[in-house]
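Reader: I am in my first year and would like a careful look at a single part of this protein, together with what surrounds that part. Please explain each term as you use it.

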Amino acid sequence: MFVLNSISFDHTRFDAAIVDLDGTMVDTLGDFAASLNRMLDDLSLPHVAPAAIETMVGKGSEHLIHSALVHVMAPDAAADAKARALFDRAWERYQHHYLAINGQHSAVYPGVIDGLKALRASGLRLACLTNKPTSFAKPLLVDKGLDGFFELVFGGDAFERKKPDPMPLLKTCEALGTTPARTLMIGDSSNDARAARAAGCPVVLVTYGYNHGEPVRGVDADGFVDSLAELAPAALR
């Protein structure tokens, strides 16, 4: 049993855990910055600072690219329309650059390996569910030595809708053969929490990730951890 946010959790309550990627397991802000700014170079547009990018992360690459384009073209009143007109070219260049540098400017957060080992040792089946495209997510997990922990990996293009819609969580539970009530969602943002609440999954958030520039402890969640290692039962720490 472990305690989070004054609530006691017994690992026997869960059959599986669904774990987010960006901001939860891997700090990928450097990858985003490098790829976006190379994309902007190709479009002859100014760079965007990492601090601004951090608030854009979490809703999928399409949202990230559009937000970055609008950001660098603001305060032009037509920035949104111009961003939409540039989007296809921007997406092609972003994908090219991200695949080339994927993982080179990112790092696994402290405690992630220990936390995943502990969850597996507790008998939980693990799936990675991210809004990141699958073609980005799987190579990143391999590069960081995390792929072996997960039975399933689903990116933002795996289903018709992305988090915070509950569909990806419900489909992941279905693929795992588990019920939402017995499947713990582990993430870093309101996207993860909202999706979990709507799907009926318990949810725990890390305090160090990307929550759209908002304090994560203000999000409706069942608990918060400063490290995934805190998810280990006392006997396994």
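**A strand inside a sheet**

Author: S135 is partly exposed, with a relative accessible area of 35% (buried means under 20%, exposed over 50%, partly exposed in between, with a 1.4 Å probe and protein chains only). The model is predicted, so local features need pLDDT of at least 70 and side-chain atom pairs count only at pLDDT 80 or more, while totals for chains, interfaces and linings use all residues. Residues are numbered from 1 along each chain as its sequence is written, and side-chain values use heavy atoms, with hydrogens and water left out.

S135 belongs to helix α6, which covers residues 134–143 (helices, H or I of at least four residues, and strands, E of at least two, are DSSP runs numbered from the N terminus). Leaving aside residues up to four places away in sequence, S135 touches Q95 and L99 (contact means heavy atoms within 4.5 Å). Between S135 and D76 there are 34 Å in space, C-alpha to C-alpha, and 59 residues in sequence.

From this starting point we can turn to the part that I have chosen for you, strand β8, which spans residues 183–187. Five of the five residues of β8 are buried, so this strand is largely enclosed by the rest of the structure. In a regular strand the side chains alternate between the two faces of the sheet. In β8 both faces are covered, with T183, M185 and G187 buried on one side and L184 and I186 buried on the other.

The sheet itself is open and has six strands in the order β7-β6-β3-β8-β9-β10, with parallel pairing (two strands pair if DSSP finds at least two bridges between them). At its edges are β7 (152–154) and β10 (223–225), each of which pairs on one side only.

We can follow β8 towards each of its two partners. With β3 (16–19), the strand pairs in the parallel sense over four bridges, and T183 is the bridge partner of A16 there. With β9, residues 203–206, the parallel pairing of β8 runs over three bridges; M185 stands opposite V203, and G187 has L205 as its bridge partner.

Two helices help to complete the picture, for α7 lies across β3, β6, β7 and β8, whereas α8, made of residues 190–199, lies across β8 and β9. The loop between α7 (167–176) and β8 is the place of T178, a residue that is buried, with a relative accessible area of 12%. Not counting residues up to four places away in sequence, T178 touches D15, A16, C173 and T183, and two of these names, A16 and T183, are the bridge partners met above.

C173, one of the residues that T178 touches, leads to the cysteines. A search of the whole structure finds zero disulfides (a disulfide is a pair of cysteine sulfur atoms within 2.5 Å). C128 is in no disulfide, and its nearest cysteine sulfur, that of C173, is 14 Å away; C128 is also buried, with a relative accessible area of 0%. C173 is likewise in no disulfide, although the sulfur of C201, the nearest cysteine sulfur, is 4.1 Å away. At 1% relative accessibility, C173 counts as buried.

Conventions: Axes fitted to C-alpha atoms, helices over the stretch in contact; angles between N-to-C directions.
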